[in-house]
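Q: Please take a close look at one part of this model: the aromatic pairs. Then place that part in the rest of the chain.

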Amino acid sequence: MVTTLLIILFVFLMLGFPMMIPLILAPLMVVLFFLPQVEPFLMIQQMMSGISEPILLAVPLFIFAADIMSMGKTSNRLLDFVGAFVGHLRGGYAITTAAACTLFGSISGSTQGTVVAIGTPMRERLLKVGYKDSTAIALIINASDVALLVPPSIGMIIYGLISRTSVGDLFIAGIGPGLLIFAFFAIYAYIHARLYNIPLADKATWNQRLQFTWRAVLPLMFPVIIIGGIYSGFFTPTEAAGVSVLYALILELVVFRSFSIKKVPSVALSTGLITSAVFILVAGGQAFAFTLGITGIPGLIADTFLSGDPGPIEVLIIVSIFFFVGCMFVDPIVVILILTPIFQPAAAAAGIDPVHLGVIVTFQAALGSATPPFGVDIFTASAVFNRSYLDTIRGTPPFIIMMLIVCILLIIFPEISLFLLPE
């Protein structure tokens with residue numbers, strides 16, 4: 001029965017069907033043909049319950065805000081601001097890319113949105129100063145994955161929903177790991193630029209820096225409003241998502257006037273399409289996890305890999321391996337939905353803080369999103385930049401190694417995630 005479930009999933013994926021199709025069909029066929037004691041309507045019930053939680057309202061709202069600012073001038077203002085201060089340094093353009101991806105990730109919460117918004121203009125700048133295309137694309141892909149860690153992370157919203165963990169605490173806990181990844185990428189950019197003699201860009205004058213800072217003040221207030229509002233308890237993550245849409249509309253329509261109100265419906269349509277795909281994945285993931293529970297797979301995995309009263313580090317290593325491998329092949333949202341209920345009890349038994357577990361889970365989702373063979377951001381970048389699959393992944397190994405190092409540090413030192421949380 002379990003084998004049938006996995007074979008159906010694999011065959012449909014190999015035939016080119018989008019992930020949502022086998023995710024729903026596989027458990028439904030198993031219930032119909034192998035579990036006659038289970039009423040088929042329960043699958044519909046499980047799917048509906050998976051998308052009925054109020055916290056999920058934050059997902060389309062954050063996506064809508066990101067789409068508004070991607071169409072407007074926010075991303076370019078952030079790029080100009082960061083570039084004015086670090087662009088002239090050795091590896092400055094690469095550092096600018098990593099910093100801008102981190103900042104825009106704190107606005108969008110979407111890795112793929114960050115690839116498009118920051119990657120499109122920065123790739124051209126990187127190529128002009130002498131970077132190989134494979135290096136530029138790899139940097140963009142992996143730096144964009146910080147969006148899954150820094151608030152407002154969609155991955156953390158999904159994890160919080162499944163694990164019943166405070167999404168606000170998860171948002172705050174992602175800041176430290178996100179900044180640590182940026183630091184690693186910045187150091188690598190400096191060393192890479194020295195080794196390959198990447199030319200320096202012109203140094204901006206202080207007058208230019210002040211000008212770009214002034215232009216970026218309002219976009220930079222975006223994460224301040226979200227993080228500050230949640231941290232202070234002024235509003236919930238869902239309310240923060242609503243505020244983000246209002247703030248984005250005011251910036252782009254009234255202050256920057258980057259596009260007219262007539263284009264808002266088309267942006268909303270794009271958001272609706274993305275949101276529908278996310279929600280179908282969430283619904284299908286709930287049904288898939290329900291079917292796995294009936295088959296006894298969670299207990300089998302726990303007995304096989306988590307027997308013998310393992311310690312916190314051992315549990316986190318096993319969790320990291322499963323999520324990393326899973327996200328290499330399947331959409332991260334699906335992996336979080338299916339695997340979180342399996343490993344959460346063992347993590348709790350080992351005394352692991354559920355917020356720290358959430359950071360590890362979303363970190364692996366970010367890493368898997370950029371890792372061959374089927375990391376979703378690889379295919380996004382390949383489509384956006386019109387490059388072949390092999391060209392897109394050629395420069396990724398150094399960044400994957402750095403991400404793995406950061407993961408080890410997170411496992412050994414949970415304070416990296418938890419130091420900002422109130423006692």
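A: Buried means under 20% relative accessible area. By that cut-off Phe62 is buried, and Phe171 is buried as well. The model is predicted.

Start with the rings. A pair of aromatic rings is described by two things, the distance of the centres and the angle of the planes. Searching the whole structure gives nine aromatic pairs. One of them is formed by Phe62 and Phe171. Their centres lie 6.4 Å apart, and the planes meet at 70°. Angles over 60 degrees count as edge-to-face, and the pair of Phe62 and Phe171 is edge-to-face. This pair links distant parts of the chain. Phe62 belongs to helix α4, residues 58–71. Phe171 belongs to helix α10, residues 167–173. The two are 109 residues apart. Both Phe62 and Phe171 are buried.

Now take Phe323 and Phe343. Their ring centres are 6.3 Å apart and their planes stand at 50°, so this pair is tilted. Phe323 is in helix α16 (residues 312–329) and Phe343 is in helix α17 (residues 332–349), so the pair ties together parts 20 residues apart in sequence. Phe323 is buried, at a relative accessible area of 1%. Phe343 is buried too, with a relative accessible area of 1%.

Helix α16 deserves its own look. How far apart are its end C-alpha atoms? They are 26 Å apart. At 1.5 Å a residue, its 18 residues should span 26 Å, so the two values agree. The buried residues of α16 include Phe323 and Phe324. Also among them are Val315, Leu316, Ile318 and Val319. Ser320, Gly326, Cys327 and Met328 complete that list. The buried residues of α16 pack against α15 (297–305) and α17. They also pack against α18 (354–369) and α21 (397–412).

Back to the aromatics. Phe81, Phe85 and Trp206 form one aromatic cluster. Trp206 also has a charged partner: Arg209 lies over its face, 4.6 Å from the ring centre. Another arginine is placed over a phenylalanine. The charged end of Arg77 sits over the ring of Phe256, at 3.8 Å from the ring centre.

Next come polar side chains. Asp133 lies in helix α8, which covers residues 133–144. Does Asp133 count as buried or exposed? At 16% relative accessibility it counts as buried, because the cut-off is under 20%. Its side chain makes a polar contact of 2.9 Å with the side chain of Arg123. A second polar contact, of 3.1 Å, joins the side chains of Asp133 and Arg387. Leaving out residues up to four places away in sequence, Asp133 touches Arg123, Leu127 and Arg387.

Ser144 is also in helix α8. Ser144 is buried, with a relative accessible area of 0%. Apart from neighbours within four places in sequence, Ser144 is in contact with Cys101, Thr111, Thr114 and Val115.

Leu126 sits in helix α7, residues 111–128. At 0% relative accessibility, Leu126 counts as buried. Which residues does Leu126 touch, not counting residues up to four places away in sequence? They are Tyr93, Ala94, Thr97, Tyr131, Ala136 and Leu139. Leu126 and Ile198 are 72 residues apart in sequence. In space they are 9.8 Å apart, C-alpha to C-alpha.

One more helix: α14, residues 264–295. At 1.5 Å a residue, its 32 residues should span 46 Å. Its end C-alpha atoms are 46 Å apart, which agrees. Gly296 follows α14. The phi of Gly296 is positive, near 85°.

Finally, the whole chain. Its secondary structure comes to 22 helices and zero strands. The radius of gyration is 21 Å, close to the 22 Å that the globule rule gives for 423 residues, so the chain is as compact as a globular protein of that length. The C-alpha trace spans about 75 × 50 × 50 Å along its principal axes. Of the 423 residues, 54% count as buried. Consider contacts between residues at least 6 apart in sequence: 78% of these join residues at least 24 apart. The pair of Phe62 and Phe171, at 109 residues apart, links distant parts of this chain.

Notes. Residues are numbered from 1 along each chain as its sequence is written. This is a predicted model: local features need pLDDT of at least 70, side-chain atom pairs count only at pLDDT 80 or more; totals for chains, interfaces and linings use all residues. Side-chain values use heavy atoms; hydrogens and water are left out. Rings of Phe, Tyr and Trp (its six-membered ring) pair if their centres lie within 6.5 Å; planes under 30 degrees apart count as stacked, over 60 as edge-to-face and the rest as tilted. Helices (H or I, at least four residues) and strands (E, at least two) are DSSP runs, numbered from the N terminus. Buried means under 20% relative accessible area, exposed over 50%, partly exposed in between (1.4 Å probe, protein chains only). A charge sits over a ring if NZ of Lys or CZ of Arg is within 6 Å of the ring centre and within 35 degrees of the ring normal. Contact means heavy atoms within 4.5 Å. The expected span of a helix is 1.5 Å times one less than its number of residues. A polar contact is a pair of N or O atoms within 3.5 Å; within protein, one must be able to donate a hydrogen and the other to accept it, and residues adjacent in sequence count only if both atoms are side-chain atoms. The radius of gyration is taken over C-alpha atoms; the globule rule is 2.2 Å times the number of residues to the power 0.38.
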